[in-house]
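Reader: I am new to reading protein models, and I would like to learn how to go through one feature at a time. Could you take me through an example, please?

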Amino acid sequence: MLVAGTPVRPTPDGPEIPVEALRPGNLLVDPLTGHEGRLLLILSREIDFRVAGVPIFQHLYPILIAKGSIDGIRPLTDIRVSPCHKIMIADASGYNMLAIAAQNLIGRPGITRDKNLVSCIYVLPIADRPMKIEFAGIAVECMALIGKRPPSASHAALPARRSRSDM
């Protein structure tokens, strides 16, 4: 899952847009393979990391990957992802890409758990096939809904956020 506000590039020639601006039906192009897919739905969840001023859910804090910390160039800007989100990184040969959970990168220079946030909104794009999407110059996994889909899946929309007073 990506943190709301994270810029993504759904197609190689298209503009970067915030991940939460993606909509069902959007064209997606895998930056590694060039294969096309369609976005089926967007899921989102707001996580509050503190209750009565006490930090909780510390294992859910996003992973901050600082600009240039992957290979000296990428990502092109600081990014935040959920701890289990897979980041595509070239192996030592430079020819093979490995999908590594962001939390497993903690300890490398510029990669930390961002404990400065009080809350964040995680956004999960779901495509019609397994693929990657690009953001800040790196490829990340885009989850896929495979098999029989509910009839409304192609028309799902990002749910409206509820304020605390609505809960």
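**Reading the model step by step**

Author: Let us begin with a single residue: Pro 31 is partly exposed, with a relative accessible area of 32%, where buried means under 20% relative accessible area, exposed means over 50%, and partly exposed lies in between (1.4 Å probe, protein chains only). This is a predicted model, in which local features need pLDDT of at least 70 and side-chain atom pairs count only at pLDDT 80 or more, while totals for chains, interfaces and linings use all residues. Residues are numbered from 1 along each chain as its sequence is written, and side-chain values use heavy atoms, with hydrogens and water left out.

Reader: Where does Pro 31 lie, and which residues is it in contact with, leaving aside its neighbours within four places in sequence?

Author: Pro 31 lies in the loop between β4 (27-29) and β5; strands are DSSP runs of E with at least two residues, helices are runs of H or I with at least four, and both are numbered from the N terminus. Contact means heavy atoms within 4.5 Å, and, with neighbours within four places set aside, Pro 31 is in contact with Lys 132, Ile 133, Glu 134 and Ala 139. The C-alpha atoms of Pro 31 and Ile 133 are separated by 6.4 Å, although these residues are 102 apart along the chain.

Reader: How many helices and strands does the secondary structure of the protein chain come to?

Author: The protein chain has zero helices and 15 strands. Among its contacts between residues at least 6 apart in sequence, 54% join residues at least 24 apart, and buried residues make up 37% of its 167 residues.

Reader: How should I read a nonpolar core, and which residues of the largest one touch the most other members?

Author: In soluble globular proteins, nonpolar side chains tend to be buried together. A nonpolar core is a set of buried Ala, Val, Leu, Ile, Met, Phe, Trp, Tyr and Cys residues joined through side-chain atoms within 4.5 Å. The largest core here has 27 residues, of which Leu 2, Ile 65, Val 81, Ile 87 and Phe 135 touch the most other members. Among the strands that each supply at least two residues of this core are β5 (36-48), β9 (79-81), β10 (86-90) and β14 (131-135). A second, separate core of six residues includes Ile 47, Tyr 61, Cys 120 and Tyr 122.

Reader: Is Ile 89 in strand β10 buried or exposed?

Author: Ile 89 counts as buried, because its relative accessibility is 8%. Not counting residues up to four places away in sequence, Ile 89 touches Ile 70, Asn 96, Met 97, Leu 98, Ile 100, Leu 105 and Arg 108.

Reader: How many disulfides does the count come to?

Author: A disulfide is a covalent bond between the sulfur atoms of two cysteines. The rule looks for a pair of cysteine sulfur atoms within 2.5 Å, and by this rule the count comes to zero. Cys 84 is partly exposed at 49% relative accessible area, whereas Cys 120 is buried at 6%.

Reader: How do I read a pocket, and what volume does the second largest one have?

Author: Rolling a probe the size of a water molecule over the atoms shows where empty space is left. On a 1 Å grid over the protein atoms alone, a pocket is an open set of points where a 1.4 Å probe fits, with protein on both sides within 12 Å along at least five of seven lines, and lining residues have an atom within 4 Å of a point. Grid points are joined across faces, edges and corners, and a volume is the space filled by probe spheres set on the points. The second largest pocket has a volume of about 180 Å³. Of the 13 residues that line this pocket, the closest to its centre are Met 1, Ser 82, Pro 83, Cys 84 and His 85. Ser 82 is found in the loop between β9 and β10, and it counts as buried because its relative accessibility is 7%.

Reader: Which peptide bond is cis, and what is the phi of Ala 136?

Author: Most residues other than glycine have a negative phi, and most peptide bonds are trans. Here a cis peptide bond joins Arg 74 and Pro 75, with omega about -5°, and Pro 75 lies in the loop between β8 and β9. Ala 136 has a positive phi, near 55°; it is found in the loop between β14 and β15 and is buried, with a relative accessible area of 1%.
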